[in-house]
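Hi,

Here is the structure I promised to pass on. Have a look at it first, and my notes follow underneath.

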Amino acid sequence: GLSNTKELFAKAIAGGYAIPAYNFNNLEQLQAILQACVETKSPVILQVSSGARKYANATLLRNMAKGATEYVKELGYAIPIVLHLDHGDSFELCKDCIDNGFSSVMIDGSHLPYEENVALTKKVVEYAHKFDVSVEGELGVLAGVEDDVVAEHSSYTRPEEVEDFVKRTGVDSLAISIGTSHGAHKFKPEQCTRNAEGVLVPPPLKFDILEEIEKRIPGFPIVLHGSSSVPMEHVNTINQYGGKIDAAIGIPEDQLRKAAKSAVCKINIDSDGRLAMTAAVRKVLAEKPGEFDPRKYLGPARDVLKELYMHKNINVLGSAGKA
Ligand code: G3H
Ligand code: 13P
Ligand code: ZN
């Protein structure tokens with residue numbers, strides 16, 4: 001069956017790596033994630049956003065994820081799989097997922113006043129823990145787009161709040177804001193410097209804030225959202241084959257590698273998969289204009305996705321070989 005996050009996070013913190021949390025909305029994404037994680041022997045968190053549930057249908061999506069535990073056995077290695085609600089925005093949504101077999105949920109009250117965030121998160125925890133479902137909360141606001149919520153500016157997590165929040169809510173993990181953001185445009189070019197190769201380098205993450213947080217809640221599982229690296233390779237392919245994505249800048253891999261060694265034990269990646277998939281589809285359709293079998297462009301997209309996830313597990317998060 002599906003696993004919750006408790007044991008996986010404890011091992012990840014002790015081992016200095018992070019568990020990948022990959023979003024999916026469709027069959028090919030799910031196949032790519034599972035194939036990559038089986039091949040690299042990595043535990044995995046399958047993330048479903050409320051937008052994904054609307055798009056793919058909640059019943060279909062959760063049954064696909066439940067089938068994942070059988071599918072990985074067929075692939076030859078039963079990795080631990082968590083089915084997680086990404087950015088739950090209400091008690092009702094979290095409850096619906098808990099009642100329907102999710103092993104983990106996020107309640108994102110980060111946009112609420114502090115006391116309201118505490119109350120809502122606590123309510124979800126009390127319900128979830130009856131069913132051994134783990135809960136992720138959030139303190140601090142990421143800039144960018146989260147479902148329908150757009151935050152113009154980020155506000156970093158306040159270390160002085162984390163201990164009280166964790167104690168009073170009983171959450172199992174805490175998402176924090178230290179300079180990451182959602183989407184493919186995490187920084188403006190004018191915020192960046194150029195390295196020797198002429199590549200734009202964004203300002204580093206706020207590791208001082210992370211350290212301060214770790215001091216206040218030692219060994220407590222920390223989550224990083226908005227952790228796509230926005231590979232130039234895929235952005236360039238998209239632009240080469242008729243797309244137009246300007247000034248796309250992500251989180252450099254060395255920053256994520258450093259974070260994974262700390263109490264950061266879950267790293268969320270969605271946009272990179274979208275870019276890789278779009279690049280592959282555009283390339284096939286441009287090179288083979290007569291192609292109209294979806295398997296002939298979604299299949300290659302699935303292969304490129306799988307490569308991307310394998311790379312992350314092996315070279316960035318360090319989760320390969322940990323299942
Ligand atoms: O945090 C947002 C995730 O990337 C999910 O995105 O709400 O468009 O499905 P979505
Ligand atoms: P990215 O947009 O950087 O992939 O972040 C995904 C995320 O945080 C999902 O919750
Ligand atoms: Zn997120």
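To start with, which strands does helix α4 (residues 58-75) lie across, and at about what angle does it run to β3? Helix α4 lies across β2 and β3, and its direction is at about 155 degrees to β3. Before you read on, bear in mind that this is a predicted model.

**The barrel**

The strands are a good place to get your bearings. There are 8 strands that close into a barrel, and the pairing is parallel. Going round, the order is β1-β2-β3-β4-β5-β8-β11-β12. From one strand to the next, the twist averages 25 degrees. As general background, strands of a sheet pair through backbone hydrogen bonds, in either a parallel or an antiparallel way.

If you want to check the pairing of β1 with β12, strand β1 (residues 19-23) and strand β12 (residues 264-269) run parallel and are joined by 4 bridges. There, alanine 21 stands opposite asparagine 268 in β12.

**Around β4**

I spent some time on β4 and its partners. On one side, β3 and β4 run parallel with 3 bridges between them, and histidine 84 has serine 104 of β4 as its bridge partner. Helix α5 (residues 91-99) belongs to this part too: β3, α5 and β4 form a right-handed β-α-β unit.

The pairing of β4 with β5 is also parallel, over 3 bridges, with methionine 106 opposite glutamate 136 in β5. β4, α6 and β5 make up a right-handed β-α-β unit as well.

As for the side chains' directions, Ser104 and Met106 point one way from β4, while Val105 and Ile107 point the other way. Both pairs are buried.

**The annotated pair**

The UniProt record, an unreviewed entry, has a "binding site" annotation that covers Asp108 and Glu138. They are spread over 31 residues of sequence but cluster in space, with a largest C-alpha distance of 5.6 Å.

Asp108 sits in the loop between β4 (104-107) and α6 (114-130). Aspartate 108 counts as buried because 27 other C-beta atoms lie within 10 Å, and the cut-off for that is 20 or more. Leaving aside neighbours within four places in sequence, its contacts are His87, Gly88, Asp89 and Glu138.

Glu138 is in strand β5 (residues 134-139). Glutamate 138 has 26 other C-beta atoms within 10 Å, so this residue is buried too. With neighbours within four places in sequence again left out, Glu138 is in contact with Asp108, Gly109, Ser110 and Ala175.

**Two backbone angles to look at**

Histidine 87, one of the contacts of aspartate 108, has a phi near 55 degrees, which is a positive value in a residue other than glycine. His87 is found in strand β3 (residues 81-88), and it counts as buried because it has 25 C-beta neighbours inside 10 Å.

Lysine 41 also has a positive phi, near 50 degrees, and is likewise a residue other than glycine. Its place is in the loop between α2 (27-39) and β2 (44-49). Is lysine 41 buried or exposed? Neither quite fits: with 14 C-beta neighbours inside 10 Å, lysine 41 counts as partly exposed, since that class lies between the 12 or fewer of an exposed residue and the 20 or more of a buried one.

Over to you now.

Cheers

Conventions: Residues numbered from 1 in each chain as written. Chains lettered and ligands numbered in written order. Predicted model: local features only at pLDDT ≥ 70, side-chain atom pairs only at ≥ 80, totals over all residues. UniProt positions renumbered as here; feature names shortened; annotations may be inferred. Helix = DSSP H or I, 4+ residues; strand = E, 2+ residues; numbered from the N terminus. Contact = placed C-beta atoms within 7 Å. Pairing = 2+ DSSP bridges. Right-handed = clockwise from strand over helix to strand, strands pointing away. Axes fitted to C-alpha atoms, helices over the stretch in contact; angles between N-to-C directions.
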